[in-house]
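Biologist: I'd like to look at this one with you and keep asking how you know things. Let's bring it up on the screen.

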Amino acid sequence: MVVQQQTARAYPQDELASRLRLIQELSGRGVRALARDTGLSSSSLSRYLSGQTVPPWPAVLELCRLVKRDPRPLRPLWERANNPLPAPPKTSRQPAPPSPPADAPPPPRNDLPRDVPDFTGREQALADVLAAVRTDRVVAIDGMAGVGKTSLAVHAAHQLTAEFPDAQVYLDLHGFTDGRQPLDPDAAIRALLAALQVPSEKVPQDGGVELRAAVWRSELARLRAVVVLDNVADAAQVSHLLPGAGESVAIITSRNRLLELDEVVPVTLDVLTAEESAELLARASGDARTGRLAKEPDQTAEVLRLCGNLPLALRLAAARLRHRPGWSIGILVERMAEGASEFDTAFGMSVRQLNRDQRRLFRLLGLIPGSTFTDYVAAAVADVPLRTSRTMLEDLLDAHLVDQPADGRYRLHDLVRQHARQATVEHDTPADRDRALHRILDYYVHTAAAADAAMPFLSPTRAVSAGPPPAELPHFPGRDAAFFWYVTEYTNLMSVFYAAVEAGADTHVCELPRFMRTFFARRCGTTHLNALFEQSLTAAQNLGDPRQLAEAHSDLGFARYNAGRMTEAAAAYAAAAPLVAEAGDPLPRAELTMRCAQLRWDEGNIEEPLELFRQARDLYTTSGCPTSAADAIAGEAWAMLQLGHRAEAAQLAREALAIHPSQQAQIALGVAIAADEPEEALSHLNTALTLAREDGHKHNEAWCLNCRGVALREMGRYEEALSSHREAFTLLDALFEDHWKIHFLNSYAETCRLAGFSEEALRLYRETLTLAPELGHRFEEAKAHQGIADVLEPTDPAAATEHRTAAEALRADIAPSTSKIAEARQ
């Protein structure tokens with residue numbers, strides 16, 4: 001983040017051009033079409049998009065108007081671009097940003113699989129791929145299963161690394177992976193953005209896949225990168241993933257010819273020639289075997305025939321020769337002839353060389369839902385010690401039945417996975433397979449719970465009831481290790497979740513999303529989490545377990561609340577309340593009570609939330625959760641602060657901080673004492689901001705910045721206050737979750753009013769009046785009417801009276817009297 005911020009300050013013209021290219025991506029138009037539709041000249045528009053020229057502000061307005069985006073967040077950047085800091089001369093390529101004084105830039109991303117050392121033949125195909133990439137930037141390699149498409153794509157990508165040094169990215173889209181659905185374009189784009197380490201605040205969480213695809217193309221346009229999109233099902237799966245502007249290139253592999261991508265050069269891969277097959281068999285089986293193969297030409301020809309001249313089958317056959325020095329070629333042929341097909345012959349022959357336990361592990365690996373797995377997962381599915389699973393995985397690696405794309409991670413080739421799944425159907429009973437799948441599900445739920453415990457959110461992690469834990473789980477020494485596990489396992493976790501749905505493993509479906517909330521809050525936004533909790537509620541209904549059903553309603557309500565769907569959140573909480581009360585467990589009751597307090601406050605109630613915050617505090621204390629009890633006290637402090645009771649708010653905040661350094665308590669105290677004790681106030685607010693940034697929670701960071709603006713306003717430091725408010729709104733714009741602005745608009749508007757910016761204050765108040773009724777925030781609606789009345793009073797007393805009357809009517813409906821508040825405090 002430091003690098004990005006410094007780059008934006010040093011090169012505002014380049015940053016502005018980058019934002020304009022994103023607008024172009026959102027428009028879906030080429031330069032000529034975009035110029036025509038905005039009334040600009042093509043040559044001028046090209047200079048604006050490349051950063052050669054700063055566009056006039058009306059041009060920026062036209063571009064934003066075309067894609068229906070608010071241009072105001074671009075205004076500060078446009079102004080800095082017109083008055084840039086001195087910068088080194090530009091070259092023809094993207095200028096390198098200045099190195100930050102302390103942190104070195106991260107190394108280029110390279111997650112290409114290992115290039116096979118015995119790559120054989122394919123001279124013409126390789127030349128065609130490289131030529132297509134260098135002239136057309138995208139190439140699609142198609143051919144039958146096992147023909148070597150991935151090997152050719154990876155080999156070509158390795159050769160292109162020097163020409164495209166910024167990143168080398170590999171993604172398997174699982175178009176033909178047996179037992180799992182192809183990776184959908186949205187999940188693929190998220191994985192690719194994560195590979196480029198794009199901050200989550202730059203990734204739109206709502207809207208269609210096109211918005212996230214535009215961000216992907218915009219990020220790629222800044223780089224010289226090579227992207228390998230492996231195992232593509234069809235053109236629709238990959239069309240959003242292709243590079244747009246810029247110099248980056250992509251290599252696609254698919255078993256189908258992607259005829260719909262008529263602009264992409266195809267390279268069709270056939271089987272190896274007999275000469276190439278013989279050479280590959282000789283090289284893969286080892287130099288010592290070369291003479292033996294030449295002495296038995298007929299038997300060698302039969303091996304090539306049985307392998308169908310397919311590289312994958314040839315490598316598996318060669319592995320058996322290499323590891324069985326006593327075998328003749330004739331023995332290899334006999335073993336291969338026992339199989340039913342070229343693929344099954346090669347795979348079956350390799351599997352038969354394993355011992356009984358190794359064969360069982362191999363079969364069960366085919367049941368793993370994810371794209372990759374670790375030795376922990378292998379140990380869980382086979383119910384063996386971790387050390388044993390590691391030893392057996394090494395044996396499977398030697399036999400070319402398992403790949404190791406990265407240290408500590410393994411995967412099965414599609415055809416190998418298919419063979420393993422067929423083998424487990426033939427050799428293992430349905431009950432055995434069901435138990436193995438449930439061991440996988442148990443592993444992921446328990447590991448997610450352990451990771452969640454290492455990075456707690458609000459309440460302590462619940463006990464897992466989905467199934468017994470495996471003998472060994474990964475160790476998470478802290479929040480960073482846990483977060484890394486979530487990032488690495490994200491696609492596998494989603495595959496496991498939907499495998500649990502398909503298998504009817506309802507308890508796992510209920511619990512897995514619960515242990516992923518913390519990660520989703522920091523990386524994935526609210527949209528997907530709502531979908532997961534909808535499935536969890538269905539699973540809880542299937543179970544008929546009142547406790548699971550209560551928590552499922554409560555969790556879905558919390559997801560709805562964070563997505564700004566207030567009415568649905570209220571309905572979910574109402575459904576949860578009697579079930580939680582019936583269960584009698586104080587912890588779920590405390591959590592639901594805390595959530596209801598937050599919702600009722602936002603709806604405009606005052607007396608009820610104050611009581612609910614106190615009830616939550618008592619329930620958390622009874623449950624032995626002092627940290628969460630401190631959060632409940634901080635919630636009450638924040639409510640009292642909004643009511644103008646600063647002394648009471650400060651007292652409650654200090655009480656909460658004496659228990660736990662809660663961010664909300666730091667904020668409430670900082671704002672409460674801002675006017676009287678400015679230095680201490682800023683210390684508390686800066687501490688809260690630091691904690692939010694360290695936690696990676698962008699919503700909380702925006703909250704801290706906005707409240708810091710309120711405190712600075714109380715101190716009369718208007719310029720600094722406005723800067724802090726603007727920084728908060730810049731974060732919210734990047735998060736693409738506009739409903740969060742309802743929490744900040746009135747306070748920002750009030751700062752503008754007191755600083756003398758009446759027109760901006762009116763705009764913000766009116767934006768609140770548009771948003772608040774949609775979301776059900778009556779308290780904020782009343783404050784906005786009062787704010788407008790205060791602005792208009794000197795110039796339009798009649799309109800001011802109208803708004804003041806509206807504010808009083810809302811307050812009369814939602815707010816208790818001062819005496820009632822005082823009575824509630826006692």
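**Rings, helices and single residues**

Modeller: Let's start with an arginine: the charged end of R75 sits over the ring of W57, 4.7 Å from its centre. R224 has its charged end over the ring of F164, 5.2 Å from its centre.

Biologist: What makes you say the charged end of R75 "sits over" the ring of W57?

Modeller: A charge sits over a ring if NZ of Lys or CZ of Arg is within 6 Å of the ring centre and within 35 degrees of the ring normal. The 4.7 Å of R75 is within the 6 Å limit. One caution: this is a predicted model, where local features need pLDDT of at least 70 and side-chain atom pairs count only at pLDDT 80 or more, while totals for chains, interfaces and linings use all residues. Residues are numbered from 1 along each chain as its sequence is written, and side-chain values use heavy atoms, with hydrogens and water left out.

Biologist: Okay, the big picture. How many helices and strands are there?

Modeller: The protein chain has 41 helices and 8 strands. Both are DSSP runs, numbered from the N terminus: helices are H or I with at least four residues, and strands are E with at least two. Buried residues make up 54% of its 826 residues.

Biologist: How do you know that A649 is buried?

Modeller: Buried means under 20% relative accessible area, exposed means over 50%, and partly exposed is in between (1.4 Å probe, protein chains only). A649 has 0%, so it is buried. This alanine lies in helix α32 (residues 646–659).

Biologist: Which residues is A649 in contact with, leaving aside neighbours within four places in sequence?

Modeller: Those are A637, M640, L641 and A672, where contact means heavy atoms within 4.5 Å.

Biologist: Why is T150 called partly exposed?

Modeller: T150 has a relative accessible area of 28%, which falls between the two cut-offs, so "partly exposed" is the label. T150 lies in helix α8 (residues 149–160). Its C-alpha is 6.6 Å from that of T253, although the two are 103 residues apart in sequence. T253 is also one of the residues in contact with T150, along with Y170 and D230, leaving aside neighbours within four places in sequence.

Biologist: H174 or Q197: which one is buried and which one is exposed?

Modeller: H174 is at 5%, so it counts as buried. Q197 is at 53%, so it counts as exposed. H174 has a positive phi of about 55° although it is not a glycine, and Q197 also has a positive phi of about 55° without being a glycine. H174 lies in the loop between β3 (167–172) and α9 (185–195), while Q197 lies in the loop between α9 and α10 (209–221).

Biologist: Back to rings. How many aromatic pairs are there?

Modeller: There are 16. One of them is Y444 with W485, with 6.5 Å centre to centre and 35° between the planes.

Biologist: Why is the pair of Y444 and W485 called tilted?

Modeller: Rings of Phe, Tyr and Trp (its six-membered ring) pair if their centres lie within 6.5 Å; planes under 30 degrees apart count as stacked, over 60 as edge-to-face and the rest as tilted. At 35°, the planes are neither under 30 nor over 60 degrees apart, so the pair is tilted. Y444 lies in helix α22 (residues 430–454) and W485 in helix α23 (residues 479–503), so the pair ties together parts 41 residues apart in sequence. Both Y444 and W485 are buried.

Biologist: What about F729 and Y748?

Modeller: Their ring centres are 5.1 Å apart with planes at 45°, so that pair is tilted too. F729 is in helix α36 (residues 718–735) and Y748 in helix α37 (residues 745–754), so this pair ties together parts 19 residues apart in sequence. Both F729 and Y748 are buried.

Biologist: Last one: which residues of α12 meet α15?

Modeller: In α12, S277, L280, L281, A284 and S285 do, and among their partners in α15 are P311 and L314. The contact divides into 8 nonpolar, 2 polar and 2 charged residues. Ala, Val, Leu, Ile, Met, Phe, Trp, Tyr, Cys and Pro count as nonpolar, Asp, Glu, Lys and Arg as charged, and the others, Gly among them, as polar.
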